[in-house]
Structure formats: C-alpha cells, structure tokens
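Welcome! Take a moment to look over the sequence and the model before reading on. The report below walks through a few places worth visiting.

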Amino acid sequence: EKSKTSFFGKLNKAVAGKSKVDEDVLDNLEEILVSSDVGVNTTLKIIDRIEARVAQDKYLGTSELNQILREEIAGLLSETNSGEDTEFVIPKDKKPYVLMVVGVNGVGKTTTIGKLAYQFKKQGLKVVLGAADTFRAAAIEQLQVWADRVDVPMIRQNMGSDPASVAFDSVKAGVDQDADVIIIDTAGRLHNKINLMNELSKVKRVMQKVIDDAPHDVLLVLDGSTGQNAFEQAKQFTAATEVTSLAVTKLDGTAKGGVVIGISDQFKIPVKYIGVGEGLEDLQVFNKIEFVDSFFK
Amino acid sequence: MFNSLSEKLDKALHVLKGHGSISEVNVAETLKEVRRALLDADVNFKIAKEFTNTVKEKAMGQNVLTSLQPGQLMVKLVKDELTQLMGGDAEGINLSGDPTVILMSGLQGSGKTTFSGKLANYLKTKKTKRPLLVACDVYRPAAVDQLHVVGGQIGVEVYSDKGNTDPVAIAKAGIAHAKAKGLNVVIIDTAGRLAVDEAMMAEISNIHKAIQPQETLFVVDAMTGQDAVNTAKSFNDILNFDGVILTKLDGDTRGGAAISIKSVVNKPIKFIGTGEKMEAIDVFYPSRMADRILGMGDVVSLVERA
Ligand SMILES: Nc1nc2c(ncn2[C@@H]2O[C@H](COP(=O)(O)OP(=O)(O)OP(=O)(O)O)[C@@H](O)[C@H]2O)c(=O)[nH]1
Ligand SMILES: Nc1nc2c(ncn2[C@@H]2O[C@H](COP(=O)(O)OP(=O)(O)OP(=O)(O)O)[C@@H](O)[C@H]2O)c(=O)[nH]1
Ligand SMILES: [Mg+2]
Ligand SMILES: [Mg+2]
C-alpha cells in the first residue's frame, strides 16, 4: 500500500537541492498513476509535461512540484469542468430537460438515475422517469422501486417491448405533465454489438419527434473499477449517441477510476457525477481536485 | 486503441534481429513493449513487472538455439510463461454434495445473478442435475424479481422469502427446501458488495460458514482494471473461494485482470460469461485467454514469419 506520506516524502527528498526531478520519483509517479487505471499513454503524457516544466523552471520546491503535479493531471480533465460546482443543476432554458443514460452492462445506470431523480426532486423540480430498458430481467421493476422511493412518475411498457417506443412515450408524457426533467434509462449493452448500438441511436432519434433538440444530455455511465476498456466504451457510445457527459460509479470502493482522465482529455467530455454508494444520497457532483488527490491517498 | 502485442514486438524485434544472442541490451526494449502491452490489457502494474522480470531471467539464462533468432525465442518465452501462469486444464465444478451447494460472490454488477441462471441452466441441460436458485440479495431493488425472471426463462425453481431480510436464514431455508423437494444442486445468489464494506463482507462470511458450500465462486467483470487484485485478494481472504468466473468476455476487453487474479489468489478460472442470454456460458481455456491478452494469434504467425 502506497501512503500519501511515502510518495510526497520521496518527492521531497528528490527535489531537495536539485533542479531536476529524479528517476525514482518519476518511477513512483508512474506506478501510482498506472495503478489508478490512468493508462500508460496518459501517464507518459503527464510525466513528460512534468519533466518539461521542471526543466523550464530553474528552481522548484516540493510544494511547487506537488502543485504542478495536480495541475497537470487536473489539466487533462475537461476545462468545462471547473471542479468547483457542488450543485446538481439543469439549464433553465430547456424545459423539459431530457437526459438519456447509456453504458455497458452493470455499470450503475439505473441506480444513478434513481439518485439523480432524488436530487432534482429535492430542488422542487418535476421529474419523470422512462423505463426504456425492456430487455434485462426485472429492469423495469428495479427502476420502479427507485421511482417509488423518490416518489416520481415512471413511464413503462412490458418487458420485451420496443425501447424506442417507451422513450417516445416518456418524453411525450413529460411534456404533457409539464415536467422539468425527463430521465430515460436504457439497457446495458457492450459497445462492440452493432445492432444494440444502432438500437440506441434509434431510441435517441425517436425522442426528437417530440422535442427536436432532445436529448439535451447523453450521460455515459462508467464503472470506476473498469480498466482501459473504458476508452473504447467512450468512443463507441459517442459514435452512436454523441455522449455529452460522464458519470463514474462505485468510487466508494478501492478502485480509483483514473481511466476517465485520458477519456476526458481525448474526447473532451466532462465528468459530471460520481457514484459513491448504493443509497439515495450517494451521488456527488464531480470535483477534479478531490478526484486527483484520491490517487495519492 | 489496443495495438496487439505482436505489432509492438514486431517493432521492438527489429532491434533484436541480426544479433546472435540475447543480451541485457537487446532484451530491454522488447521487454518494455511486453510490459506495456500487458498494462494496456489491464494486467496489474506489479504483476506485469514481475512477469517481465521472470521472462528476462529465463531469456538471459538460456542459450539461443541455432534454429531460433533471439526475437523468436523471446516471443516463445513470453507465450509459454503466460500460458503457464494462466493455469492448466479447464476445471469443472465439484458436484459431490447432496445437495451440492454453490455460493456466488462478487462486486456490484459483476454478473452474479445472470451467471447463477446460466450455471443452473448448464447443470440442468448438460449434467442432468435438478437445480434450485436461492435469492439471498435482500438489498438491490428488484433483485429477487430478477432471479425469478431468470428462473422462469430456464425452467428452474427459485426459492425466495420476500419478508425475510436475513440472507443466512434464507440460504439455510433454501437448502432445506431443496432437500425436501429432492433437488440436488442449490445455487445461492448474493448481493454485490465492495471488499472494503466490512459489514457486507462479514455477512457473506456468515452465509459461507452457515451453509458450507462445496463451491464458492467469485464472479468478476472481465473489463476490471488495476483494482482486480485488491478485490480478489479481499474476497479470497474471507471466503477462500474455489474458483473464479470471468464475465462479459463477449466485449472487446483484453481481460488482463484474469492474469492478475490468477497470480494473486492462484485459484482456477472455471467458467466465462459471453453474453446476456442464459446459453452464453463457456468453460475456461487458459491458453485461449493467454492468446486473447497478448493478441497471440498474430504472435504465432510472427514466429512463423521470422
Ligand atoms: N458501491 C456502489 N454500488 C453501486 C454504485 N452505483 C451502482 N451500484 C450498484 O451496482 C449494481 C448495478 O447497478 P445498476 O444501476 O443496476 O446498473 P445498470 O448499469 O443499470 O445495469 P444494467 O441495466 O444491468 O446494465 C447494483 O448492485 C447497484 O446497487 C455506486 O456508486 N457504488
Ligand atoms: N454482455 C454481457 N452481459 C452480461 C454478462 N453477464 C452479465 N451480464 C449483464 O451484466 C449486468 C449485470 O448482471 P447481474 O447478473 O445483474 O449482476 P450482479 O452481479 O447480480 O449485480 P448485483 O446483484 O447488482 O451486484 C446485466 O445487464 C447482465 O445482463 C456477460 O457475460 N456478457
Ligand atoms: Mg439498468
Ligand atoms: Mg445480482
């Protein structure tokens, strides 16, 4: 186990009286980053940048290096993400605001929807859920439990019915009921299954028959314990649905979710939310400084 | 995104070609590529390092056969070492109990409930067993409903007790129910849990102690990254499980977590999940998995080309 003191301790020793960060520190940094699922490419990119800045600035104290390190890592995370928001906000000019939730199997889509509905409802917003996962066993019942918990209406059809039809009904119902937010659940699917990805594009398109710029947000949910495959997930889901934001779940465990740094850098999609448990309140607005700090804990 | 190892080795091998023996200098670049390929495939950092060190030692200790170029030798060493790490022949399920009790464990969303159904269906159709599914996930919304739907799809009875919130009691009652009805395999589905959740880990430990299963299986998502070692180790410390199930291999993940888990707990990977349907189950072949992690099909052809 790597402790905070051991890494920053080494950092301290290495920079004492030197203008160059030594090999040991960089090796240690590499281990921390790769072990947090940041990936070799992004890790090397971060290390290169740090080396360049160390070479440029003649003298560097530990605290400055420490700062640079955080800045460089956080810098790869989307600029649209100030890291200072703590509120769950919905743009006021879109009503109803349609949010579509996508991702591979078992990452936490349905749970995240339940938690989001809770947050929006708490702000006094009118929320409608759409149970467009008509495939997985008891997926509709699962979302229904969340809808009942939060006390918001849910639009459903039978298992096996057309998900696009459920999405259409849900958006329509949301408009009719004067909802502020409509959140559509979709079935988990692996991004290499072409038919299922096409189905998702269709689910998205169908909503536009009701509201032409819907969905306003396509939220890709990534499991925080996923490794480098998350890159491919981001790529393929973006190709099928133009993903506009990310949620990283299960960060209450020991996994660090570092893969989102590279994803955010490469695809310019901001991380909006993090899941930190299975309860109603266990969703937070993403804070990049805290996120980066968690790597060194 | 995932350049196969062969491409990378191909590049690195240019350095080696023309040299008659493996030396510290010409092996370093190749091993760097091997290590990187392993990390890209989500093999744990430390394990990838150990692996390349082992390969290096073997390479240095070995005389180059006249018939092999050093590059070919390296490829062979990597392939052999990894295959060996992945384990021997496919291992089945211990069905010696009367009834045989099988306990599922794993993180949230790894595929336990789905795999419980697949295993029940497999044992029913391929091994002519009479299985019972027992719903011990009292937490996840509609988890019990989910298992009932799955049971319905495969024609296997599901035991549940909706008012009961004690998984230990439900598991015991399920086994008693199987005995009474002459069912000879009991598959216990449990809630997903994090290794750091002490209360939940204590719970599954209590279930395990109370029912003494013939088989305890750890179900893990093949897309798992670096954390796979921590999780596998924690579950194994508490359950001393008998085997690993690797799910969602129908995706395009390289599945390096398989090596990490194997190295850290040294338990066989028994089955793989290859889809959401009940038929999407397969026994595990270590050599195929090694091939997948390394893109080995290409490496073999590389050896032939070299
Ligand atoms: N510990 C923890 N568990 C979570 C979190 N988010 C979701 N889960 C759990 O992960 C499991 C899967 O969550 P779901 O919401 O069903 O995931 P999904 O993406 O909808 O799954 P599919 O619809 O089957 O693809 C459940 O057991 C959830 O309780 C989280 O942030 N932390
Ligand atoms: N593509 C694919 N999907 C799978 C596979 N195994 C399970 N799934 C899907 O993964 C998701 C989670 O599966 P579950 O069986 O609910 O997982 P679980 O471990 O029981 O989840 P919790 O009870 O919430 O911890 C569902 O959408 C399943 O359909 C597989 O081998 N391939
Ligand atoms: Mg779901
Ligand atoms: Mg389950």
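Which atom of ligand 1 does a polar side-chain atom of Gln108(B) lie 3.5 Å from? The partner is a nitrogen atom of ligand 1. Please keep in mind that this is a predicted model.

**The site of ligand 1**

Ligand 1 sits between chains A and B. There are 23 residues around ligand 1, and those that come nearest are Lys109(A), Thr110(A), Thr111(A), Arg136(A) and Glu278(A). Helix H5 of chain A, residues 109–122, supplies the largest share of this shell, with four residues. Sorted by class, the shell around ligand 1 holds four nonpolar, eleven polar and eight charged residues.

Chain A also makes polar contacts here. An oxygen atom of ligand 1 is 2.9 Å from a polar backbone atom of Gly106(A), and a polar side-chain atom of Arg136(A) is 2.8 Å from an oxygen atom of the ligand. On its own, ligand 1 would expose 660 Å², and the protein buries 96% of that.

**The site of ligand 2**

Why is the site of ligand 2 shared between chains? The site is shared because residues from both chain A and chain B surround ligand 2. Of the 23 residues around ligand 2, Lys112(B), Thr113(B), Thr114(B), Arg140(B) and Glu276(B) come nearest. Helix H5 of chain B, residues 112–126, gives the most to this shell, namely four residues. The shell around ligand 2 is made up of two nonpolar, 13 polar and eight charged residues.

Here are polar contacts from both sites, set out together:

| Ligand atom | Protein partner | Distance |
|---|---|---|
| Ligand 1, oxygen | Gly106(A), backbone | 2.9 Å |
| Ligand 1, oxygen | Arg136(A), side chain | 2.8 Å |
| Ligand 1, nitrogen | Gln108(B), side chain | 3.5 Å |
| Ligand 2, oxygen | Asn105(A), side chain | 3.4 Å |
| Ligand 2, oxygen | Ser110(B), backbone | 3.2 Å |
| Ligand 2, oxygen | Glu276(B), side chain | 2.7 Å |

Taken alone, ligand 2 exposes 650 Å², of which the protein buries 96%.

**Two helices of chain A**

Now for a pair of helices. Two packed helices are described by the angle between their axes and the distance between the axes. In chain A, helix H9 (residues 229–241) packs against helix H10 (residues 259–267) at an angle of about 35°, and their axes are 9 Å apart. The crossing of H9(A) and H10(A) is right-handed. On the H9(A) side, the contact is made by Ala230(A), Phe231(A), Ala234(A) and Lys235(A). H10(A) brings Val259(A), Gly262(A), Ile263(A), Gln266(A) and Phe267(A). By class, this contact of H9(A) with H10(A) has six nonpolar, two polar and one charged residues.

**Backbone details in the loops**

Most residues other than glycine have a negative phi, and most peptide bonds are trans. A few spots in this model are worth a look with that in mind.

In chain A, Lys95(A) and Pro96(A) are joined by a cis peptide bond, with omega about -5°. Pro96(A) belongs to the loop between helix H4 (62–76) and strand E1 (97–102) of chain A.

In chain B, the peptide bond from Asp98(B) to Pro99(B) is cis, and its omega is near 0°. Pro99(B) is in the loop between helix H4 (70–86) and strand E1 (100–106) of chain B.

Where does Asn240(B) lie? Asn240(B) is in the loop between helix H9 (228–239) and strand E6 (243–247) of chain B. The phi of Asn240(B) is near 45°, a positive value in a residue other than glycine.

Note on methods
Residues are numbered from 1 along each chain as its sequence is written. Chains are lettered from A and ligands numbered from 1 in the order in which they are written. This is a predicted model: local features need pLDDT of at least 70, side-chain atom pairs count only at pLDDT 80 or more; totals for chains, interfaces and linings use all residues. Side-chain values use heavy atoms; hydrogens and water are left out. A residue is near a molecule or strand if one of its heavy atoms lies within 4 Å of it. A polar contact is a pair of N or O atoms within 3.5 Å; within protein, one must be able to donate a hydrogen and the other to accept it, and residues adjacent in sequence count only if both atoms are side-chain atoms. Accessible areas come from the Shrake-Rupley method with a 1.4 Å probe; for residues, only the protein chains shown count as cover. Ala, Val, Leu, Ile, Met, Phe, Trp, Tyr, Cys and Pro count as nonpolar, Asp, Glu, Lys and Arg as charged, and the others, Gly among them, as polar. Axes are lines fitted to C-alpha atoms, for helices over the stretch in contact, and angles run from 0 to 180 degrees between N-to-C directions. A crossing is left-handed if the near helix is turned anticlockwise from the far one by less than a right angle, and right-handed if clockwise. Contact means heavy atoms within 4.5 Å.
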